[in-house]
Amino acid sequence: MSDNLQEIVERVKAGSRNETDIQALAAAIQTGKLVLASAPGAVGVGGDVTNSQIVPGNNNVTGDGNIVIYGSDAQIIQSLLSHRSGSGQSASFTSLSQFQSLIQDKTEGFVGREYVFDAIQTFIQENKKGYFTIIGDPGQGKSAILAKYVQDTGCIAHFNVQLQGPNRADQFLESVSKQLIARYQLPYDPLPSNATQDGEFLGHLLDEVAQRRNGQPVVIAIDALDEVDSGSYRDANILYLPPHLPDGVYFIMTRRRGVEVPFTTYAPVQIISLLDYEIDSQRDVRLYIQNRVDGSENLRQQIDERQETIIAFTDNIANKSENNFMYLCYVLLDIEKGLYKDLTLESFPQGLQGYYSFHWRRMGMTANPLPDAKIKIVYILGEVKQPVSRQQICDFSGEDSRIVQPVLNEWEQFLHNFIKEHQKRYSVYHTSFRDFLHRKDILEETGLTIPGINQLIVNSLTKGLFDNDEDI
């Protein structure tokens, strides 16, 4: 995939001013795939292309496939992109930039999956238009694959995120419409008032874009259809996706296996399941483990202390993972930290849900008596619809911060956190952990119910509304 970006760089250096190429370069800078370095051999930072530093030099490709440019080559690209920025043509990346951290997070340590990228390319080459969907189980890497595709191609993209947002149809329509308008220089700034009400305006935009694409495909990537808020669209395709597509327009989408979504189309369709590529997945899993071992002296030390060979370690962990990359992420990090030294590799949990059950027990969540406060706090984190502060968790649970904070610390690896309005906010990192919490056997052990947890949250949120009823 990096070769495609290198080819675009070469074309622009040679004098090409193709709009699609320029957009791809700008998107590559936004996602960190293309870097204008501060010095030869030094990797700079992407992002705001008007502030990148340039020094004499040449081009490099780093070990992770990122392209670093400096010298006169960088000056050409810098001048071109700065001119576009000054002309107001960078708005599409304002929309895309909200996903920049997600893309970088999902593509860290990414390996393989060439069979998916090859299938996408073949679909685009063999069809005039269409919808291509990747399906798989939680943790198999659907979002990572799409993030890598967006990073390498610079295509228009939208990521639905159930637990942190955005995941509503109006948010999708606004994001994609703004990207299309800026990329193809369409005269809709600001957006019309009806742009996010249904799919009519998006369909109109796609018809216009199809006339301006200069023979190049228009690719729109959409992640996690299964995480879209079903209440955000009415009697229509999910996200108001158009049933008819103009030639040259392609949607690349992902969704969870076994989750059906409302979708009817008259355009060509292809669905691939990651489960159908077991041999390829096994190869990618082993490569991922090998890269992690090669890149971590501490992990190699832990393997030595276990008196395991790297080959035996790789075999055992790969088999236990069931080709699940989320499992590998958690387990390898645990081993690197020196956890579970009392367990042989053969005793490690099997699969992602097995890992969650294993960790649940190791954290004392099945102790006698049950740690009711800890369990309640974890379930609240699983049910909140947006990131919440520690104080909000205290309010929802009725527990003191001295109880809440240790739970946040213990379950840190399963949580996404960031600073907003000078407060750290938390949410569950991956929906697969929420699936675990919803399991019937786990709920029966805790004595909790999901409606009961949601009622705690509602009671806290509405408490202030009725405290002063007697004064009304």
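## Helices α15 and α18

The crossing of α15 and α18 is left-handed. In this predicted model, helix α15 covers residues 372–383 and helix α18 covers residues 431–438. Their axes lie 10 Å apart and form an angle of about 125 degrees. An angle of about 125 degrees makes α15 oblique to α18, because an angle counts as oblique when it falls outside the ranges under 35, 65 to 115 and over 145 degrees.

On the α15 side, the contact is made by Val378, Tyr379, Gly382 and Glu383. On the α18 side, Phe433, Arg434, Leu437 and His438 take part. By class, the contact of α15 with α18 holds 4 nonpolar, 2 polar and 2 charged residues.

## The second largest cavity

Two residues of that contact, Val378 of α15 and Phe433 of α18, also appear in the lining of the second largest cavity. Leu381, Trp411, Phe414, Leu415 and Val428 line this cavity as well. The second largest cavity holds about 40 Å³ of space. Its lining has 7 nonpolar residues, with no polar and no charged ones.

## The largest cavity

Empty space of this kind is found by rolling a probe the size of a water molecule over the atoms. The model has 2 cavities of 30 Å³ or more. The largest cavity contains about 50 Å³ of space.

Which residues line the largest cavity? They are Arg113, Tyr115, Gln140, Ile145, Leu274, Ser281, Asn323 and Phe325. By class, this lining divides into 4 nonpolar, 3 polar and 1 charged.

## The second largest pocket

The second largest pocket has a volume of about 690 Å³. The lining of this pocket is made up of 27 residues. Nearest the centre of the pocket lie Asn4, Gln121, Tyr149, Thr153 and Pro217.

Several elements give two or more residues to the lining of the second largest pocket: α1 (2–13), α2 (19–30), α6 (114–126), α7 (142–153) and β6 (218–223). Helix α6 supplies the largest share, 6 residues. Sorted by class, the pocket lining has 12 nonpolar, 8 polar and 7 charged residues.

## Helices α8 and α9

Two packed helices are described by the angle between their axes and the distance between the axes. For helix α8 (residues 169–183) and helix α9 (residues 200–210), the axes come within 10 Å and cross at roughly 20 degrees. A crossing of roughly 20 degrees makes α8 roughly parallel to α9, because angles under 35 degrees count as roughly parallel. The crossing of this pair is left-handed.

From α8, the residues Phe172, Leu173, Val176, Ser177, Leu180 and Ile181 meet Phe201, Leu202, Leu205, Leu206 and Val209 in α9. The contact of α8 with α9 has 10 nonpolar residues, 1 polar residue and no charged ones.

## Helices α12 and α13

Helix α12 (residues 310–321) packs with helix α13 (residues 325–336) at an angle of about 135 degrees, and their axes are 10 Å apart. That angle makes α12 oblique to α13. The crossing of α12 and α13 is right-handed.

Which residues make the contact between α12 and α13? In α12 they are Phe313, Ile317, Lys320 and Ser321, and in α13 they are Tyr327, Leu328, Val331, Leu332 and Ile335. By class, the contact of α12 with α13 has 7 nonpolar residues, 1 polar residue and 1 charged residue.

Definitions and conventions: Residues numbered from 1 in each chain as written. Predicted model: local features only at pLDDT ≥ 70, side-chain atom pairs only at ≥ 80, totals over all residues. Heavy atoms only, no water. 1 Å grid on protein atoms, 1.4 Å probe; cavity = no way out; pocket = protein on both sides within 12 Å on 5 of 7 lines; lining within 4 Å. Points joined across faces, edges and corners; volume = space filled by probe spheres on them. Helix = DSSP H or I, 4+ residues; strand = E, 2+ residues; numbered from the N terminus. Nonpolar A, V, L, I, M, F, W, Y, C, P; charged D, E, K, R; others polar. Axes fitted to C-alpha atoms, helices over the stretch in contact; angles between N-to-C directions. Left-handed = near helix turned anticlockwise from the far one by under 90°. Contact = heavy atoms within 4.5 Å.
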